[in-house]
Amino acid sequence: MSEEKKITKVPVYTPDKSYKDFRWMGDYEKIYRESVENPEKFWEGIAKELDWEKKWDNVLEWNYPDAKWFSGAKLNITCNCLDRHVNNSRKNKVALIWRGDDGSERIFTYRQLYREVMRFANGLKKLGIKKGDRICFYMPFVPEHIISILACARIGAVHTIVYAGFGAESLHQRIVNSESKLVITADVSIRRGKRIDLKSIVDEAIVNAPSVERVIVYRRTKPDIELYTEMELDYYELIKDEKPHCDPEIMDAEDPLFILYTSGTTGAPKGILHTCAGYMLGSYYSTKYVFDIKESDVHWCTADPGWITGHSYVVYGPLQAGATILFTETTPDYPDPGVWWEIVEEFGVTILYTAPTAIRMFMKFGSEWPDKYNLESLRVLGSVGEPLNPEAFEWFYRVIGKEKLPIVDTWWQTETGMHMITTLVGEPMKPGFVGKPLPGVVADVVDKTGNPVPPETAGRLVIKTPWPSMMRGIWGSREIYEKYWSEINGYYTVGDMAVKDKDGYIMIIGRADDVIIVAGHNIGTAEVESALVAHEAVAEAAVIGVPDPLKGNLIKAFLILRNGYSGSEKLANELKYHVRMTLGPISMPAEINFMETLPKTRSGKIMRRVLKAQDMGVDPGDLSTMED
Ligand code: WT7
C-alpha cells in the first residue's frame with residue numbers, strides 16, 4: 001500500500017527577521033518535546049489562562065476510545081468570550097465589525113455584544129429552551145447569527161448550525177437527526193445584491209420534523225414577510241422587553257456544546273459532537289498560538305459559521321482572545337474583485353484566514369486588484385480546507401504577503417475542533433507542506449498496520465493520542481465513532497493520505513475515502529448519488545471528483561437511466577437542478593454523463609476509481625475484481 005512519493009525540491013521561506021519575535025513561547029522543538037512527554041501538564045498550563053467557575057479534578061481520563069478532559073470542572077464558554085472582557089479594560093473595545101453586501105456596516109463593542117447576547121438568551125429561556133435542548137441555525141452571515149449562537153451557549157443549549165447554502169433536504173436531515181426544538185433563521189440572505197429566500201427553505205425542511213416547536217425569524221428586509229404566529233416568532237419581537245443580563249448556565253466539562261454535521265462516506269451526514277471544556281481550550285489555544293493573536297488584532301476569517309472554521313476561528317477562538325472580529329456577507333468579486341482588499345485597507349485587517357479556492361480565484365482576477373490597496377496592516381496570513389498548492393502559496397506570499405508575512409497553512413477537521421498541523425509563525429515555511437504538528441498533537445504518517453512509513457513515502461495520516469477538542473461522538477451512532485479509532489492500531493484515523501519529508505514536514509495528498517473536497521467543502525459521493533437516484537429518471541448513479549485548477553475538484557456524475565428515459569442536455573440540466581435543490585449548490589455535479597453500464601466489482605460495488613482513471617485517461621490499475 002505504501003508508495004514512494006518523490007518530493008521535488010521545494011524552496012524554504014524563512015520569515016522576515018522582524019517576525020522572529022512571533023515565535024510563540026520560544027523554541028518549537030523544545031516545547032513540542034515537553035508537550036508530548038507530559039501532555040497533562042502542557043494542557044493544564046493552557047487551561048490556567050482561562051476563567052473557570054470551578055477548576056478540574058483530573059486533566060485527562062482516557063478510556064479508549066473515550067476521553068474526558070478536565071472532569072470535575074464547571075464553566076461556560078461565553079464567560080471567556082464576553083464576561084471576562086466586559087469586566088475589564090476591553091469593555092468598550094470593538095468586538096465585532098460587520099460589513100454587508102451593499103457596503104453597510106454594523107459595529108458592536110464587547111459591552112454591546114454582551115447585552116445583545118444576554119437579551120437573546122433571556123428570550124430563549126422565555127420560550128422554555130433548557131440546557132441540552134438542540135437549536136438548529138439556518139442563518140445568513142449577519143451579527144444576529146453570532147449573537148444567537150452565543151446566547152444558545154449561554155443557556156447551555158446545544159447549537160447545530162447549518163450553512164445557509166444547503167438545500168431543504170440537507171437541512172431537514174440535520175433537524176431530524178438532532179431533534180432540534182427550535183430553528184433560528186432569517187427571511188433572506190443577500191449575495192451580489194440579490195435576495196436569497198431562506199425562510200421558504202425552512203418551511204419545507206420542517207415538514208415531518210416533529211421535534212420542531214418554534215421558528216424564530218430575523219426579518220431584515222421590508223416589507224416584513226408574514227409569520228404564522230402559532231409557530232413563528234420575530235427575532236426582535238422576542239427580545240424587545242428582555243433584560244441585558246443573564247446568568248450563565250454552569251456546565252460540566254463534558255456537557256455537549258454543539259453538533260456540527262459533516263459529510264461522510266455513507267449517505268447520511270455525521271453529527272460531530274463537541275463538548276464544553278475541551279473545545280473551549282482547543283479553540284482558544286490554537287487561535288492564540290497559531291495566529292499569534294493579540295487583543296490589538298483585527299481578525300478576519302472568511303469562513304461562514306456553518307463550517308467548523310467559522311465556529312472556532314470566527315466566533316469562539318478570537319472572542320476568547322479578546323480580539324476584534326471582522327466578518328462580512330460579501331462575495332469576493334462583488335461589486336468588483338478588489339472588494340476584499342478594500343476591506344483589508346479600510347478596516348486595517350491584521351490577520352487574514354481564508355481558503356485555497358479563494359486564493360486561486362484571486363490569482364485568476366490578477367494582482368492588479370490587490371495592488372490597488374494598501375495591505376500594510378496585514379501581519380499573518382492563513383489557509384485552510386484543502387491543499388494549498390505551491391503556485392497558490394507563492395502568489396499569496398508575494399502578492400498579499402509582500403514576501404515577508406508568515407503563512408499558516410492549517411490542517412485540521414470538523415472532528416478535531418482545532419488546528420492540528422501547521423507551520424507556526426516564525427518557523428521556516430515550505431510551499432505545499434502544511435508543516436509540523438502543534439505542541440500537544442501527536443500526528444504521524446503510517447501504513448495500514450500503524451507502522452510509520454519512511455520519509456518521502458505516502459501513507460495514512462493518524463493522530464496517536466487524545467487531545468482536548470477531539471470530537472466526543474457522532475450524534476446517534478456509536479459505531480461510526482468507534483470506527484475512527486479502530487481502523488489503524490487504535491489511532492484516530494483521519495481519512496487523508498499524507499507524506500513527510502526528512503525534516504518532519506507533512507504534505508497532505510488528499511482524501512483516502514469517498515469524500516470529495518470541492519472549493520474546500522466536503523462532499524460525500526454517497527450523498528450526491530442518493531440524491532440523484534431519488535430522481536424518477538435515474539436507476540443508478542456514481543459520482544467522482546476530478547481535479548480542477550480553481551475549485552480543487554469538480555463533481556462528475558455517471559448515470560444509468562431507467563427504462564423509458566433517454567439522456568439529453570435538458571435532462572442533465574434538470575438533474576443538476578434537482579441536486580441543487582435537495583443538497584444545495586455546493587453539491588451540484590459540474591457534469592453529467594449517461595452510461596449503458598457502470599464498472600462494478602463482482603460483488604456489485606461501483607468502482608469509482610475505474611471511472612476516474614477512464615475520465616482522466618490514466619491506467620486504472622488492478623481490474624481483477626471487476627465483473628466482465
Ligand atoms: C478535511 C476536513 C478544517 C476546516 C475546514 C475543513 C481537508 C483541511 C487542509 C489543509 C490540506 C486540508 C482534509 C481534511 N483539509 N485543511 N490545510 N491542507 N487539506 O473541515 O470539512 O471537516 O474537512 O479537509 O482532507 O480531512 P472539514
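**Exercise 1. Which residue follows α6, and is its phi positive or negative?**

Before solving, note the ground rules. The model is predicted, so local features need pLDDT of at least 70 and side-chain atom pairs count only at pLDDT 80 or more, while totals for chains, interfaces and linings use all residues. Residues are numbered from 1 along each chain as its sequence is written, and side-chain values use heavy atoms, with hydrogens and water left out.

Solution.
Step 1. Locate the element: helix α6 covers residues 168-178. Helices (H or I, at least four residues) and strands (E, at least two) are DSSP runs, numbered from the N terminus.
Step 2. Look just past the helix: α6 is followed by Glu179, and the phi of Glu179 is positive, near 50°.
Step 3. List the buried residues of α6, where buried means under 20% relative accessible area, exposed over 50%, and partly exposed in between (1.4 Å probe, protein chains only). They are Ala168, Ser170, Leu171, His172, Arg174, Ile175 and Ser178.
Step 4. Keep the helix geometry in mind when reading such a list: an α-helix has 3.6 residues a turn, so residues three or four places apart point the same way.

**Exercise 2. Where do Glu403 and Asn489 lie?**

Solution.
Step 1. Glu403 is in the loop between α14 (390-400) and β21. Its phi is near 60°, a positive value in a residue other than glycine.
Step 2. At 47% relative accessibility, Glu403 is partly exposed.
Step 3. Asn489 sits in the loop between α15 (478-486) and β27 (492-500). Asn489 is not a glycine either, yet its phi is positive, about 55°.

**Exercise 3. Which residues does a cis peptide bond join to Pro65 and to Pro335?**

Solution.
Step 1. Tyr64 is joined to Pro65 by a cis peptide bond with omega about -5°. Pro65 belongs to the loop between β2 (58-63) and β3 (66-71).
Step 2. Tyr334 is joined to Pro335 by a cis peptide bond, with omega about 5°. Pro335 belongs to the loop between β18 (324-328) and α11 (339-347).

**Exercise 4. How many residues surround the ligand, and which are the closest?**

Solution.
Step 1. Apply the cut-off: a residue is near a molecule or strand if one of its heavy atoms lies within 4 Å of it. This gives 18 residues, the closest being Asp409, Thr410, Thr414, Asp496 and Arg511.
Step 2. Sort the shell by class: eight residues are nonpolar, six polar and four charged. Here Ala, Val, Leu, Ile, Met, Phe, Trp, Tyr, Cys and Pro count as nonpolar, Asp, Glu, Lys and Arg as charged, and the others, Gly among them, as polar.
Step 3. Read the distances to polar atoms. One nitrogen atom of the ligand is 3.1 Å from a polar backbone atom of Gly385. A ligand nitrogen is also 2.8 Å from a polar backbone atom of Thr410. An oxygen atom of the ligand has a polar side-chain atom of Arg511 at 2.7 Å.
Step 4. Work out the cover: on its own the ligand has 560 Å² of accessible area, and the protein covers 95% of that. Such areas come from the Shrake-Rupley method with a 1.4 Å probe; for residues, only the protein chains shown count as cover.
Step 5. Name the elements that give two or more residues to the shell: α10 (308-320), β21 (407-410) and β28 (506-511).

**Exercise 5. Why is Cys301 in no bond with Cys81?**

Solution.
Step 1. Recall the criterion: a disulfide is a pair of cysteine sulfur atoms within 2.5 Å. Searching the whole structure finds zero disulfides.
Step 2. For Cys81, the nearest cysteine sulfur is that of Cys79, 9.0 Å away.
Step 3. For Cys301, the closest cysteine sulfur is in Cys81, and there is no bond because 15 Å is too far.
Step 4. Check burial: Cys81 is buried at 0% relative accessibility, and Cys301 is buried at 2%.

**Exercise 6. Which side chain makes a polar contact with that of Lys556?**

Solution.
Step 1. Lys556 is in strand β32 (residues 552-561). At 15% relative accessibility, Lys556 is buried.
Step 2. A polar contact is a pair of N or O atoms within 3.5 Å; within protein, one must be able to donate a hydrogen and the other to accept it, and residues adjacent in sequence count only if both atoms are side-chain atoms. The partner of Lys556 is the side chain of Asp615, at 3.0 Å.

**Exercise 7. Why is helix α16 largely enclosed by the rest of the structure?**

Solution.
Step 1. α16 spans residues 525-533, and it is largely enclosed because seven of its nine residues are buried.
Step 2. The buried residues are Thr525, Ala526, Glu527, Val528, Glu529, Ala531 and Leu532.
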